[in-house]
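I opened this model to go through its domains, sheets, ligand shells and odd backbone spots. My notes follow the order in which I looked things up.

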Amino acid sequence: MKEFIGVSEAKILLKNLPITRVPIRLPLAESLGKFTYSAILAPMDVPSFDNSGMDGYALAFDDSGEGREVVDVVPAGAMPDFVLPQGKAVRIFTGAPVPKGADTVIQQEQIERTGDMVFFDAEHFAKGANVRKQGAQCRKGSEVVASGTQITPGTIGLLASLGIQEVEVFSIPKISLILTGDEIIDLGYALQPGQIYNANGPALSAYLELLGISGLRVFKAKDEPEEVTRVVAEALEASDILLLTGGISVGDYDFVKDSLHQNGVEQLFYKVKQRPGKPLFAGKKGDKLVFALPGNPASVLSCFMQYVKPCMQHWMGNPAAWRSPQYLPIARDFDKQADLTFFLKAKVESGRVVLLPGQESFNLLPFGVADGLVEVPQDQNHVEEASLVAFYPW
Ligand SMILES: Nc1nc2c(c(=O)[nH]1)N[C@H]1C(S)=C(S)[C@@H](COP(=O)(O)OP(=O)(O)OC[C@H]3O[C@@H](n4cnc5c(N)ncnc54)[C@H](O)[C@@H]3O)O[C@H]1N2
Ligand code: MOO
């Protein structure tokens, strides 16, 4: 039951959590952005036949003779059923199979053609020129993609070239979000006095999209203990990772922590020496992770980026989930009094980080332009202009 711990201790606790991750098989077209679960081996040679890299003429390089008679044409998509006779050439096109008996393709710009005869200057070529050999890209059985690789459009092209239609990837966690707070109103409704628009829901849903996670289930709970407990039970059942916003500090209407305990969630830590997001709660129930994010929107986004995002990325098989920040020079001096780690909204301008005005945890204005967060460690109260600071892009 860790209480009021430092940022690094909180991160180490999360990083060391054993997480059972399961692979799923997905159609290639749905695998973009996912991480491969196991290494992928080539099921065949690619190219699977020697083929021409140019539009031109295929011939046997070592054949002597001033010119070659063109005896046939090989288009792409057809396999020639003849052996090229000695001293002859065939018209060939890019991607077409090089017929047996030929070993070199001379591109058509380098050929003089007179009637059925072609002439070229052999000094400008080497044997084998412009022939893409069978297996030049990869041999059957060779590893083409390592495990833990993020699938890009390029990976999809590579796998398609190998005829692979499905890939085994790390699954995407099922995420639920419980928004607490009687004052929270969804977009599209008129605000009554005392009410505010739900900013945390749309922001988190967008952040999940950025991580390649769709299908977020959003629940709402009134500031009422039985309701929070009931909604936690329902949401927990349906999720691998449960997020809550609000209701986690010490106010009379903050019921989240008790509701989590009542639902058998074991506390990993509560309260972190940081601003924003001091009352952050992390817990687990079996393999399920639970994060109760302090309701202020800046705390929600900051805590999500620093703690929840790496857990989710780790779950999804990203080997760089807990990667180190970038180190960039800060544009101006910065001073703080509190003995807490600060996460500050910042913009990168000409390679320097500029801290934005409006760092209070209720204030969303700097998020309109921020590129990410700067971390100023707990024990550092002064940051000198131009010194390097840790910067986390979104
Ligand atoms: N006596 C103390 N009061 C507070 C402390 C404390 O230590 N002692 N901590 C403060 C800090 S720091 C934070 S952070 C907040 C966290 O409070 P909760 O997690 O209980 O969140 P709420 O009180 O429910 O809401 C805080 C704030 O955020 C607004 N909010 C909530 N949900 C949304 C949403 N979906 N979209 C937009 N805004 C939202 C809510 O209206 C409140 O203004 O506690 C401090 N208090
Ligand atoms: O720790 Mo809270 O997020 O500052 O307002």
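These entries cover a predicted model.

**Domains**

I began with the domain assignment. It splits the protein chain into domain 1 (2-22 + 172-315), domain 2 (29-45 + 137-170), domain 3 (51-132) and domain 4 (326-393). I then took the centres of domain 1 and domain 3 over C-alpha atoms, and they are separated by 67 Å.

**The seven-stranded sheet**

Next I traced a sheet of seven strands. The sheet is open, its order is β1-β19-β21-β22-β18-β14-β17, and the pairing is mixed. At its edges I found β1 (2-5) and β17 (217-221), each pairing on one side only. On average, neighbouring strands here are turned by 15° against each other, direction ignored.

I looked inside the sheet at one pair. Strand β18 (residues 241-245) and strand β22 (residues 288-293) run parallel and are joined by five bridges. Opposite Leu 243 I found Phe 291 in β22.

Edge strand β1 held a surprise for me. Phe 4 lies in this strand. Its phi is positive, about 50°, although Phe 4 is not a glycine. Is Phe 4 buried or exposed? Phe 4 counts as exposed, because it has 11 C-beta neighbours inside 10 Å, and 12 or fewer is the cut-off for that class.

**The six-stranded sheet**

I moved to a second open sheet. Its six strands follow the order β8-β5-β7-β6-β10-β9, with mixed pairing. Why do β8 and β9 each have one side without a neighbour in the sheet? β8 (104-107) and β9 (112-114) stand at the edges and have a single partner strand each, so one side of each is left without a neighbour. The average turn between neighbouring strands of this sheet is 40°, direction ignored.

I then checked three of the pairings.

- β5 and β8 pair in the antiparallel sense over four bridges. Leu 59 has Thr 104 in β8 as its bridge partner.
- Strand β5 (residues 56-59) also pairs with strand β7 (residues 88-92), antiparallel, over four bridges. Here Tyr 57 has Arg 91 in β7 as its bridge partner.
- Strand β6 (residues 67-74) and strand β10 (residues 117-119) are antiparallel, with three bridges. Gly 67 stands opposite Phe 119 in β10.

After β10 I stopped at Asn 130. This residue lies in the loop between β10 and β11 (131-132). Asn 130 is not a glycine, yet its phi is positive at about 60°. Asn 130 is buried, because 22 other C-beta atoms lie within 10 Å, and the class starts at 20.

**Helix α6**

I followed α6 (residues 297-315) along its length. The helix bends by about 45° at Phe 304. How many of its residues are buried? I count 17 of 19, and the helix is mostly covered. Just after α6, Gly 317 takes a positive phi of about 85°.

**Ligand 1**

I listed the shell around ligand 1 next. The ligand is surrounded by 28 residues, and the closest are Asn 200, Gly 246, Ser 249, Pro 294 and Gly 295. Which elements supply at least two residues of this shell each? I noted β14 (175-180), α3 (200-210) and α6. By class, the shell has 11 nonpolar, 14 polar and three charged residues.

**Ligand 2**

Around ligand 2 I found Arg 275, Pro 276, Gly 277, Lys 278, Pro 294, Asn 296, Ser 299 and Ser 361. Two of these shell residues are nonpolar, four are polar and two are charged. Pro 294 is listed among the closest residues to ligand 1 and also in the shell of ligand 2.

Arg 275 and Pro 276 deserved a second look. A cis peptide bond joins them, with omega about -5°. Pro 276 lies in the loop between β20 (274-275) and β21 (281-285).

**Two more prolines**

I found a cis peptide bond between Val 46 and Pro 47 as well, with omega about -5°. Pro 47 sits in the loop between β3 (40-41) and β4 (51-52).

Last, I looked up Pro 193. Its place is in the loop between β15 (184-185) and β16 (196-197). Pro 193 is exposed, because only 4 other C-beta atoms lie within 10 Å. From Pro 193 to Glu 183 I read 10 residues in sequence and 9.4 Å in space, C-alpha to C-alpha.

Definitions and conventions
Residues are numbered from 1 along each chain as its sequence is written. Chains are lettered from A and ligands numbered from 1 in the order in which they are written. This is a predicted model: local features need pLDDT of at least 70, side-chain atom pairs count only at pLDDT 80 or more; totals for chains, interfaces and linings use all residues. A residue is near a molecule or strand if its C-beta atom, placed from the backbone, lies within 6 Å of it. Ala, Val, Leu, Ile, Met, Phe, Trp, Tyr, Cys and Pro count as nonpolar, Asp, Glu, Lys and Arg as charged, and the others, Gly among them, as polar. Two strands pair if DSSP finds at least two bridges between them. Axes are lines fitted to C-alpha atoms, for helices over the stretch in contact, and angles run from 0 to 180 degrees between N-to-C directions. The bend at a residue is the angle between axes fitted to the seven residues ending there and the seven starting there. Domain bounds come from an automatic or database domain assignment.
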